[in-house]
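This briefing introduces a protein structure to a reader who has not met it before. Please consult the sequence and the three-dimensional view while reading the points below.

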Amino acid sequence: MPSNNLCTKVLQGKCYVIDGDTIVIRNTRIRLAGIDAPELDQPWGKSAKFAMIALCKGKVITAEVQEGESYDRIVAKCFLPDGTDLSAALVEQGLALDWAKFSGGAYRHLEPAGIRKKLWRVAAKHQGRLHSPNSRC
């Protein structure tokens, strides 16, 4: 659920989906906090994007901006109007992994069994074993 902290910067609006963990609200690129989805050119990357489109289509998204940036994108926890956390939803669907370095492990319990093997490229990046041109590390 969105926080009630009055000091949190919030963006709201319908979004455009770039990939499984990046959206745009009012011309602002937003990286979903705490997760990592495959890049579009990796296995499951397009599926992650299409899942995010299905979740967000026609809905007003609330983005609570976190401190820091990731490759010219702000980082935010993003929610649907019913309070659904977009990061949690994508992890539950098996199309993104919890990125403990940034989430503190907040989404790990939502990962389906065997998902780290399925999304091996993402898991390898988290362990420092894979560096791609689009890597966010």
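The points below cover the overall layout, the strands, the nonpolar cores and selected side chains.

The structure is a predicted model. Its protein chain has five helices and eight strands, arranged along the sequence in the pattern β-β-β-β-β-α-β-β-α-β-α-α-α. Of its 137 residues, 48% count as buried.

**Overall layout**

- Among the contacts in the protein chain with a separation of 6 or more, 57% come from residues 24 or more positions apart.
- One example of two residues brought together from separate parts of the chain is the pair P81 and K59, which lie 22 residues apart along the chain and have C-alpha atoms separated by 7.1 Å.

**Strands β2, β3, β4 and β7**

- Strand β2, covering residues 15-19, runs antiparallel to β3 and is joined to β3 by four bridges.
- The hairpin formed by β2 and β3 has two residues between the strands, and in this pairing Y16 stands opposite V24 of β3.
- On its other pairing, β3 (residues 22-25) is joined by four bridges to β4 (residues 28-32), and these strands are also antiparallel.
- β3 and β4 likewise form a hairpin with two residues between them, and R26, in the turn, has a positive phi of about 45°.
- Across this second hairpin, V24 stands opposite R29 of β4, while I23 stands opposite I30 of β4.
- V24 therefore has a partner in each neighbouring strand, being opposite Y16 and opposite R29.- The residues of β3 alternate in direction: T22 and V24 point one way, I23 and I25 point the other way, and all are buried.
- β4 is joined to β7 (residues 74-79) by three bridges, and these two strands run parallel.
- In the pairing of β4 with β7, R31 stands opposite V75.

**Nonpolar cores**

- In soluble globular proteins, nonpolar side chains tend to be buried together.
- The largest nonpolar core here has 28 residues, and the residues with the most contacts inside it are I23, I30, M52, I61, C78, L86 and L90.
- At least two residues of this core come from each of β3, β4, α1 (45-56), β6 (61-69), β7 and α2 (86-92).
- Another core lies apart from it and has five residues, among them L97, I115, L119 and A123.
- Which residues does I23 touch, leaving aside its neighbours within four places in sequence? I23 is in contact with C15, Y16, V17, I18, T28, R29, I30, L32, M52, I61 and C78.

**Aromatic rings**

- The structure holds one aromatic pair.
- This pair is made by W99 and F102, whose ring centres are 4.9 Å apart and whose planes meet at 85°, so the arrangement is edge-to-face.
- W99 is buried, at a relative accessible area of 4%, whereas F102 is partly exposed, at 49%.
- K118 lies over the face of another ring, that of W44, at 3.9 Å from the ring centre.

**A buried lysine**

- K125 belongs to helix α5, which spans residues 120-126.
- Is K125 buried or exposed? Its relative accessibility is 6%, below the 20% limit, so K125 counts as buried.
- The side chain of K125 makes a polar contact of 3.0 Å with the side chain of D36.

**An exposed proline**

- P81 is located in the loop between β7 and α2.
- With a relative accessible area of 60%, over the 50% limit, P81 is exposed.
- Leaving aside its neighbours within four places in sequence, P81 is in contact with K59 and V60.

Conventions: Residues numbered from 1 in each chain as written. Predicted model: local features only at pLDDT ≥ 70, side-chain atom pairs only at ≥ 80, totals over all residues. Heavy atoms only, no water. Pairing = 2+ DSSP bridges. Core = buried A, V, L, I, M, F, W, Y, C linked by side-chain atoms within 4.5 Å. Buried < 20%, exposed > 50% of the residue type's maximum accessible area, 1.4 Å probe, protein only. Contact = heavy atoms within 4.5 Å. Phe/Tyr/Trp six-rings, centres within 6.5 Å; stacked < 30°, edge-to-face > 60°. Lys NZ or Arg CZ within 6 Å of the ring centre and 35° of its normal. Polar contact = N/O pair within 3.5 Å; in protein donor to acceptor, adjacent residues only side chain to side chain.
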